[in-house]
Amino acid sequence: MNEPNLTAEIQFTLLGFSGVLELQLLFFMFFLVIYMSTLLGNSLILLTVLSSPQLHSPMYYFFCELSLLDMLYSSTTVPKMLLDFLTGSKAISYKGCVAQLYAFHFFGGTESFLLTTMAYDRYVAICDPLHYAGIMNKMACIKLVAGTCLVGTLHSTLQTVLTFHLPYCGPYQLDHYFCDVPPLLKVACAETAVNETIVMVSIGLMPLSSFILILGSYICIITIVAKMRSEEGKQKAFSTCASHLAVVILFYGPCILIYMQPTTSHPLLKGVSVFYTSVTPALNPIIYALRNEEIKKAMRKLIFNKIFSRKVAMQEL
């Protein structure tokens, strides 16, 4: 191994999926379709909520933030991966690696705590409906959204500073398709035990704790919903909660699987990472659109109005 280079002139090589060169074009088409689905699906959710007055409530405002985060989260890794598939270039500059890692953990950390906030919103709405409007008022929602962004900032700053404080040794090859903490620690020229512990606590235990809190809130919600007399009310509550719980499992499951194990043992790192960086953001709008009747109705109305207004405009011409 070469001597450590402490300058910012280091250029990392993202090995990605270079072991299957004959499938590069197929991978490019596959991830391009997924990425376009992510952008289109989440944009449709945003447009539907913003253009439908009946959806102007805290739950749907949080949906909007989730959709925006999904697009940004996916955009930190997928475009670079697509470019690598297309051009064969696997290089990323030191500064580019810093920026990608920071953005990835900022959007991921923000989304992690947003999902917890969304669970709290559903808990208050179902378990304390009489005080819901007072508790989840506009100012409270703004504070909660700002809080998720603040936590995301603190989390990403901690990971970025601690990771790039280390010296790195050549040939600077990262066995991954984007800059993340575990593959960077593998090419560090210093003791990484402290970093690995912090990774396990901040990216492993914290999501696990949030996941347990969310599950606890849903146990309380299910207990309350089971006592409802109205079958329609039960169905609506279960439908909304099921869609959110599905998104929670898809997001937290891979994160806990990757970051709760030692950095030196990540045989499934790339495969699992593909799922939660590329596939999950594309699935989220589908899950909400299929499980939430209000969003489905608003989408149909929006699409019908667009088509009808276009026909009227053509007839006038």
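**Pocket and cavities of the predicted model**

Helix H2 (58–75), helix H4 (94–127), helix H9 (231–259), helix H10 (269–291) and helix H11 (293–316) each contribute at least two residues to the lining of the largest pocket. Helices are DSSP runs (H or I, at least four residues) numbered from the N terminus. The model is predicted, so that local features need pLDDT of at least 70 and side-chain atom pairs pLDDT 80 or more, while totals for chains, interfaces and linings use all residues. Residues are numbered from 1 along each chain as its sequence is written, and side-chain values use heavy atoms, without hydrogens and water.

The largest pocket (an open set of points on a 1 Å grid over the protein atoms alone, with protein on both sides within 12 Å along at least five of seven lines) has a volume of about 650 Å³, a volume being the space filled by probe spheres set on points joined across faces, edges and corners. Its lining (residues with an atom within 4 Å of a point) comprises 25 residues, of which Gln-235, Lys-236, Ala-237, Thr-240 and Glu-294 are the closest to the centre. H9 provides the largest share, eight residues.

Four cavities of 30 Å³ or more were found in the whole structure, a cavity being a set of points where a 1.4 Å probe fits but cannot get out. The largest cavity holds about 190 Å³ of space; among its 17 lining residues, Gly-108, Gly-109, His-155, Ile-203 and Pro-207 are the closest to its centre. H4 supplies the largest share of this lining, six residues. The second largest cavity encloses about 50 Å³, and its lining includes Leu-14, Asp-84 and Tyr-177.
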